[in-house]
Amino acid sequence: MYTKDELIREANTFIEECYQELEKPFSDAKERIDEIKKEIEQTGTYEHTFEEIEHGAKMAWRNSNRCIGRLFWNTLHVFDERKQNSIEGVKEALYRHIDYASNEGRIRPTITIFQPEKEGKHPVRIWNHQLIRYAGYESEHGIIGDEASIPFTKVCEELGWEGNKTHFDVLPLVIEVDGETKWFDVPSEKIIEVPITHEEIPGFSDLNLKWYGVPMISDMKLEIGGIVYPAAPFNGWYMGTEIGARNLADENRYNLLPKVASLMGLNTTKASTLWQDKALVELNVAVLQSFKQHGVSIVDHHTAAQQFKRFEQNEDNEGRDVTGDWTWLIPPVSPATTHIFHKSYNNQILNPNYYYQDKPY
């Protein structure tokens with residue numbers, strides 16, 4: 001928590017930058033800063049206008065050092081749900097987010113912002129890592145589903161949820177409002193799922209793979225001008241490698257490279273055959289082909305890198321430095337083929353921004 005003086009400084013810095021970018025007169029910014037200062041001195045906090053929270057959320061995306069997709073920061077659609085004070089209201093707001101963002105596959109970058117932190121307490125928390133994600137189970141025959149989801153799946157089961165024990169059970173939404181927690185299934189008609197097939201590898205469809213279409217991160221907090229929003233789920237669209245090189249390929253996720261290599265008839269007895277590399281590329285080809293076949297937005301890592309180069313040029317034109325975490329910006333497939341691999345980035349954290357926070361369970 002900030003002291004009153006610290007919060008005034010954070011608010012002052014944000015308002016000056018925000019209003020300048022919105023091309024508002026300096027007198028407007030000064031008047032607003034004076035207003036906020038009085039509000040903080042009287043109440044210990046202040047409330048953003050919609051215009052401020054909308055632009056602040058966009059600035060936070062622009063400042064996200066790990067994101068390669070920042071070219072589109074100014075297209076973010078903001079749902080202001082700060083009025084929601086019930087679990088049912090939050091649930092319906094999340095359903096609206098899923099519907100709007102999914103858009104029948106033409107994915108729209110979206111954020112839904114709930115009540116801010118108050119006196120160190122979180123009025124609203126979403127327990128899920130993502131609004132849509134697959135469950136994971138431990139069984140006597142090995143892992144079923146997404147191994148990374150096992151801890152949260154157990155939490156959901158303790159709350160009374162029961163999955164079907166398949167590899168692709170969609171976890172429920174778990175919502176906490178003022179200390180009360182409930183779970184809700186996401187209606188299947190709201191969920192875009194893409195069957196993953198490969199046009200040139202016989203038998204690939206026998207793997208019965210699929211993945212959900214929209215990555216909606218829901219466990220990070222948004223900070224704007226010193227005000228913290230602990231529930232602010234947001235999404236863009238997938239870069240193919242997130243699914244093909246990580247979710248489906250990592251040993252502690254779905255670990256599918258050995259199966260893909262087997263379908264391809266590759267020699268897996270020694271690493272020097274580069275069977276893992278060959279299987280990884282074809283798994284990523286399958287993901288890109290499948291999403292495009294089903295009309296769901298996705299971007300390949302080469303195109304994403306070119307888009308990031310345009311973002312860098314745009315920021316340079318605006319006189320802003322681009323910060324970045326190189327270890328996250330380089331794609332996990334063929335990074336040296338992108339310009340990002342051959343550059344260095346200042347990993348300074350700027351505000352507004354999105355931050356990790358402690359789990360509520």
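Visitor: Which residues of helix H7 (residues 257-264) are the buried ones?

Guide: Leu257, Val260 and Ala261. Keep in mind that this is a predicted model. Buried here means under 20% relative accessible area.

Visitor: What puts those buried residues on the same side of H7?

Guide: The arc they cover around the axis is only 100 degrees, and that places them on the same side of H7. There's a general rule behind this sort of pattern: with 3.6 residues a turn in an α-helix, residues three or four places apart point the same way.

Visitor: What do the buried residues of H7 pack against, and which exposed residues does the face turned away carry?

Guide: The packing partner is helix H8 (275-293). On the face of H7 turned away from the buried side you'll find Lys259 and Ser262, both exposed. After H7 comes glycine 265, with a positive phi near 70 degrees.

Visitor: H8 has come up already. What makes H6 and H8 oblique to each other?

Guide: Helix H6 (residues 240-247) packs with H8 at an angle of about 140 degrees, the axes being 9 Å apart. Roughly perpendicular covers 65 to 115 degrees and roughly antiparallel needs over 145, so an angle in neither of those ranges, nor under 35, counts as oblique. About 140 degrees therefore lands H6 and H8 in the oblique class. As for the hand, H6 passes H8 in a right-handed crossing.

Visitor: Which residues of H6 and H8 meet there?

Guide: On the H6 side, Gly240, Thr241, Ile243, Gly244 and Ala245; on the H8 side, Leu280, Leu283, Asn284, Val287, Leu288 and Phe291.

Visitor: How do you know what to call the arrangement of H1 and H3?

Guide: Same routine. The two axes come within 10 Å and cross at roughly 95 degrees. The band from 65 to 115 degrees counts as roughly perpendicular, and that's what H1 is to H3. H1 contributes Phe14, Ile15, Glu17, Cys18, Tyr19 and Glu21 to the contact, and H3 contributes Glu52, His55, Gly56, Met59 and Arg62.

Visitor: Why is the pair of glutamate 21 and arginine 62 called a salt bridge?

Guide: The closest N and O atoms of glutamate 21 and arginine 62 are 2.7 Å apart. The test asks for a side-chain nitrogen of Lys or Arg within 4 Å of a carboxyl oxygen of Asp or Glu, so this pair passes. Glutamate 21 sits in helix H1 (residues 4-21) and arginine 62 in helix H3 (residues 50-62), so the bridge ties together parts 41 residues apart in sequence.

Visitor: Buried, partly exposed or exposed: how do you classify glutamate 21 and arginine 62?

Guide: Glutamate 21 has a relative accessible area of 23%, which makes it partly exposed, given that this class runs between 20% and 50%. Arginine 62, at 3%, is buried.

Visitor: What ties lysine 24 to glutamate 51?

Guide: Another salt bridge between side chains, 3.1 Å from N to O. Glutamate 51 is in H3 and lysine 24 in the loop between H1 and helix H2 (26-43), so this one links parts 27 residues apart in sequence. Glutamate 51, at 34%, is partly exposed, and lysine 24, at 25%, is partly exposed too.

Visitor: How far apart along helix H2 are glutamate 35 and arginine 32?

Guide: Three residues, which means about one helical turn separates them. They form a salt bridge as well, with 2.5 Å between the closest N and O atoms. Glutamate 35 is partly exposed at 44%, whereas arginine 32 counts as buried at 7%. Elsewhere, bridges with shared partners join Glu17, Glu21, Arg62, Glu315 and Arg320 into one network.

Visitor: How many salt bridges does a search of the whole structure find?

Guide: 24.

Visitor: What makes aspartate 146 count as buried?

Guide: Its relative accessibility is 0%, against a cut-off of under 20%. Aspartate 146 is in the loop between strand S5 (142-145) and helix H5 (150-158). Among the residues it touches are Arg133, Tyr134, Trp211, Arg253 and Tyr254.

Visitor: And leucine 7 in H1: buried or exposed?

Guide: Buried, at 5%. Leucine 7 touches residues including Tyr2, Ile40, Tyr46 and Ile227. Its C-alpha atom is 9.8 Å from that of isoleucine 36, which is 29 residues away along the chain.

Methods. Residues numbered from 1 in each chain as written. Predicted model: local features only at pLDDT ≥ 70, side-chain atom pairs only at ≥ 80, totals over all residues. Heavy atoms only, no water. Buried < 20%, exposed > 50% of the residue type's maximum accessible area, 1.4 Å probe, protein only. Helix = DSSP H or I, 4+ residues; strand = E, 2+ residues; numbered from the N terminus. Arc of directions from axis to C-beta. Contact = heavy atoms within 4.5 Å. Axes fitted to C-alpha atoms, helices over the stretch in contact; angles between N-to-C directions. Left-handed = near helix turned anticlockwise from the far one by under 90°.
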